[in-house]
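Student: Hey, can we go through this one together? I'd like to start with the pockets.
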Amino acid sequence: MRIIRVKDYQQMSRAAANIISAQVILEPKSVLGLATGSSPIGAYQQLIEWYKKGDVDFSQVTTVNLDEYVGLTPDHDQSYHYFMHRNFFDSVNIDPQRINIPDGCAPDMAAECLRYDGVLRGLGVDLQLLGLGNNGHIGFNEPGPVFSKGTHIVTLTDSTREANKRFFASLEDVPKTAVSMGTFDIMQAKRVLMVASGKAKAEAVKAAFFGPITPQMPASILQFHRDFTLVADEDALSLL
């Protein structure tokens, strides 16, 4: 495990974007695992800026996203399809045919989970980007009795829904379930890059990476990953 300590969110975003862009420059056909939420937005903005300057080319990149809300159509403004297009895809030259995101409106969600796992196995992820939930979740892998394996349907915890309600009109509008890559899927990536910013993440950072490895703290499994980097600001590392 490698920890890169930075001053603030802006420096965290730039450091993460440096790692991602280096991956793409060195391996133009890279498969990138991508995350949503507020944590990676700054990194996406930096990558867009470098793309517009001609410093990085995404034309041969393939992407796979971690998760999606169940029941939200791709054009819903809180779906992760919409998020990724608004915050990244629409501003760079990624081939739409190379974009992979779970279908939260599939008529058979069990079949969709199997389909997405097939996509992941067929591609293999070169670099997986992650955020960190306040309760230690990665993707939508919530605390539980065991680490999850493949793509699956998750019942979101009250704390996760509460954290996400700021994006919706009310808590009642926040979906109660999501489809997510499993912890096993994430661990198969060749490299894993996590971004964490703010004092609200400090407890989770301390517990996940300086505490026991337990499914009650899903991110803790990353202590076992062969090539894991955490980029975190001073606030997120304040309890260490």
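Student: What kinds of residues make up the lining of the largest pocket: nonpolar, polar or charged?
Tutor: The lining divides into 15 nonpolar, 16 polar and 5 charged residues. Keep in mind that this is a predicted model.
Student: OK, and what's the volume of that largest pocket?
Tutor: The largest pocket comes to about 710 Å³.
Student: Which lining residues are closest to its centre?
Tutor: Out of 36 lining residues, the closest to the centre are Thr36, Gly37, Ser38, Asn164 and Arg166.
Student: And which elements give two or more residues to that lining?
Tutor: Those are strand E4 (67-69), H3 and helix H5 (158-164). H5 has the largest share, with 4 residues.
Student: Switching to cavities. How many are there of 30 Å³ or more?
Tutor: The count is 1 cavity of 30 Å³ or more. The largest cavity has a volume of about 30 Å³.
Student: What lines the largest cavity?
Tutor: Its lining is made of Ile19, Leu127, Arg191, Val192, Leu193, Asp227 and Thr229. By type, they divide into 4 nonpolar, 1 polar and 2 charged.
Student: Which element gives the most to that lining?
Tutor: That's E9, which gives 3 residues.
Student: Cool, E9 is a strand, so let's do sheets. In what order do the strands run in the sheet of 7?
Tutor: The order is E1-E10-E9-E6-E2-E3-E5, in an open sheet with parallel pairing.
Student: Why is one side of E1 and one side of E5 left without a neighbour?
Tutor: Strand E1 (2-6) and strand E5 (99-100) stand at the edges and have a single partner strand each, so one side of each has no neighbour in the sheet.
Student: How many bridges join E2 to E6?
Tutor: There are 2 bridges between strand E2 (residues 31-34) and strand E6 (residues 127-130), and the two strands run parallel. Take glycine 33: its bridge partner in E6 is glutamine 128.
Student: What about helix H7, which strands does it lie across?
Tutor: Helix H7 (residues 202-210) lies across E1, strand E9 (191-196) and strand E10 (228-233). Its angle to E10 is about 155°.
Student: Now the other sheet. Is the pairing in E4-E8-E7 parallel or antiparallel?
Tutor: Antiparallel: those 3 strands form an open sheet in the order E4-E8-E7. The edge strands are E4 and strand E7 (152-155), and each of them pairs on one side only. From one strand to the next, the twist averages 30°.
Student: How many bridges do E7 and E8 pair over?
Tutor: E7 and strand E8 (residues 177-180) pair over 4 bridges, in the antiparallel sense. If you look at histidine 152, you'll find serine 180 of E8 opposite.
Student: Last topic: helices. At what angle do H2 and H3 pack?
Tutor: Helix H2 (residues 41-52) and helix H3 (residues 80-87) pack at about 40°, and their axes are 10 Å apart.
Student: Why does that count as oblique?
Tutor: Angles under 35 degrees count as roughly parallel, and roughly perpendicular runs from 65 to 115. An angle of about 40° fits neither group, so H2 and H3 are oblique to each other.
Student: Which residues meet there?
Tutor: From H2 you have Ile41, Tyr44 and Ile48, and they meet Phe83, Met84 and Asn87 in H3. The residues of that contact divide into 5 nonpolar, 1 polar and no charged.
Student: Great, thanks!

Conventions. Residues numbered from 1 in each chain as written. Predicted model: local features only at pLDDT ≥ 70, side-chain atom pairs only at ≥ 80, totals over all residues. Heavy atoms only, no water. Pairing = 2+ DSSP bridges. Contact = heavy atoms within 4.5 Å. Axes fitted to C-alpha atoms, helices over the stretch in contact; angles between N-to-C directions. Parallel < 35°, antiparallel > 145°, perpendicular 65-115°, else oblique. Nonpolar A, V, L, I, M, F, W, Y, C, P; charged D, E, K, R; others polar. 1 Å grid on protein atoms, 1.4 Å probe; cavity = no way out; pocket = protein on both sides within 12 Å on 5 of 7 lines; lining within 4 Å. Points joined across faces, edges and corners; volume = space filled by probe spheres on them.
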